[in-house]
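This report sets out the architecture of one molecular structure, chain by chain and then at the contact between chains. The sequence and coordinates are shown first.

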Number of protein chains: 2
Amino acid sequence: MMNDDEMITLKPIGVLHSAVTRLEDVPSHWTRSSLEGDIEIFKEYREGLNGIEELDYIVVIFFFHKSGKEYSLIQKPPHDDKMRGVFSICSPFRPNPIGLSVVKLLNVKDNILHVKNIDMVDGTPILDIKPYIPLKNME
Amino acid sequence: MMNDDEMITLKPIGVLHSAVTRLEDVPSHWTRSSLEGDIEIFKEYREGLNGIEELDYIVVIFFFHKSGKEYSLIQKPPHDDKMRGVFSICSPFRPNPIGLSVVKLLNVKDNILHVKNIDMVDGTPILDIKPYIPLKNME
């Protein structure tokens, strides 16, 4: 996975399906979204979903496939009048364009996760699904 | 970033330095760790840290560089007597070996983030840093 030149290669495990196909219509953050949609996990990874129906919330790691390679280290977020470093904000324009959303898991049918609180555009490549673990559990 | 064969390539933006150099000594999860260490963000990304000192907790996205390419879709987590799908647990052995930890940001000096609650081994490649946003903010 780690080559000589330190590049890391990943491959999508699934894809998001939603009614929102234009970037400008995507909710700006999962905390501000009530949008529902389906995460299709590709058939070859289906077994990895075993037991996931027990979870109320899941973490979705995805690829900002529409962001391209352009980013600035300092950006002005929407709804903010201050310039901020990219690592202190949730902008899709990042050195590594990886997104993270916490979504509510409404139901699971075979390899399809029906979820709420989406802030991804239709067609977004999914890289990983993890259980959501709240900070209050921290020592 | 997305090639013809749908592979996604990423490059580390930094590296973790800690006293824990053996995998077997790494705390099993950030909720069960009080270990401190330093995240070195490479100099070329230094500006991206602007304003990060205002945050109490940050999300660290990293590469499980010691896990290799071996994984099972069904695994038995430590401290659990049930086999579970990989997407419902935090195992480092995943189709895409991406890790996620929430750590406490103790202080920032130039390009070094001193953090607590580490569950990564010394030398772990860092892929992204994001602000931690609690679920209670969700609509």
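The sections below treat the basis of the model, the fold, the strand pairing, one loop residue and the interface.

## Basis of the model

The model is predicted: local features need pLDDT of at least 70, side-chain atom pairs count only at pLDDT 80 or more, and totals for chains, interfaces and linings use all residues. Residues are numbered from 1 along each chain as its sequence is written, while chains are lettered from A and ligands numbered from 1 in the order in which they are written.

## Overall fold of chain A

Chain A has zero helices and nine strands; helices (H or I, at least four residues) and strands (E, at least two) are DSSP runs, numbered from the N terminus. Its pattern along the sequence is β-β-β-β-β-β-β-β-β. The radius of gyration of chain A is 16 Å, close to the 14 Å of the globule rule for 139 residues, so chain A is as compact as a globular protein of that length. This radius is taken over C-alpha atoms, and the globule rule is 2.2 Å times the number of residues to the power 0.38.

Along the principal axes, the C-alpha atoms of chain A fill a box of roughly 45 × 40 × 40 Å. Of the 139 residues in chain A, 37% are buried. A residue is buried if 20 or more other C-beta atoms lie within 10 Å of its own, exposed if 12 or fewer, and partly exposed in between, with C-beta atoms placed from the backbone. Among contacts in chain A between residues at least 6 apart in sequence, 69% join residues at least 24 apart; a contact requires C-beta atoms, placed from the backbone, within 7 Å.

## Strand pairing

In chain B, six strands close into an antiparallel barrel in the order S2-S3-S8-S7-S4-S9. Two strands pair if DSSP finds at least two bridges between them. Neighbouring strands of this sheet are turned by 45° against each other on average, direction ignored. Within the barrel, S4 (residues 57-63) and S7 (residues 98-109) of chain B pair in the antiparallel sense over seven bridges, and Ile58(B) has Val103(B) as its bridge partner in S7(B).

In chain A, strand S3 (residues 36-41) is joined antiparallel to S2 (residues 14-17) by four bridges and to S8 (residues 112-116) by five. Glu40(A) is the bridge partner of Val15(A) and stands opposite Ile112(A) in S8(A). The side chains of S3(A) alternate: Gly37(A), Ile39(A) and Ile41(A) point to one face and are buried, whereas Glu36(A), Asp38(A) and Glu40(A) point to the other and are not.

## A loop residue in chain B

Pro78(B) lies in the loop between strands S5 (74-75) and S6 (84-85) of chain B. Pro78(B) is exposed, with 9 other C-beta atoms within 10 Å. Its C-alpha atom is separated by 8.6 Å from that of Ser28(B), 50 residues apart along the chain.

## Interface and symmetry

The contact takes 55 residues from chain A and 55 residues from chain B. On the side of chain A, S9(A) gives the most, with five residues. Three bridges join S1(A) to S1 (residues 8-10) of chain B in the antiparallel sense, with Leu10(A) opposite Ile8(B).

A rotation of 180° with 0.0 Å of shift along its axis superposes chain A on chain B (RMSD 0.0 Å); the fit is by least squares on the C-alpha atoms of residues with pLDDT of at least 70 in both copies. The two copies are thus related as by a two-fold rotation axis. In chain A, the C-alpha nearest the axis is that of Thr9(A), 2.2 Å from it.

Conventions:
Axes are lines fitted to C-alpha atoms, for helices over the stretch in contact, and angles run from 0 to 180 degrees between N-to-C directions. Two residues are in contact if their C-beta atoms, placed from the backbone, lie within 7 Å.
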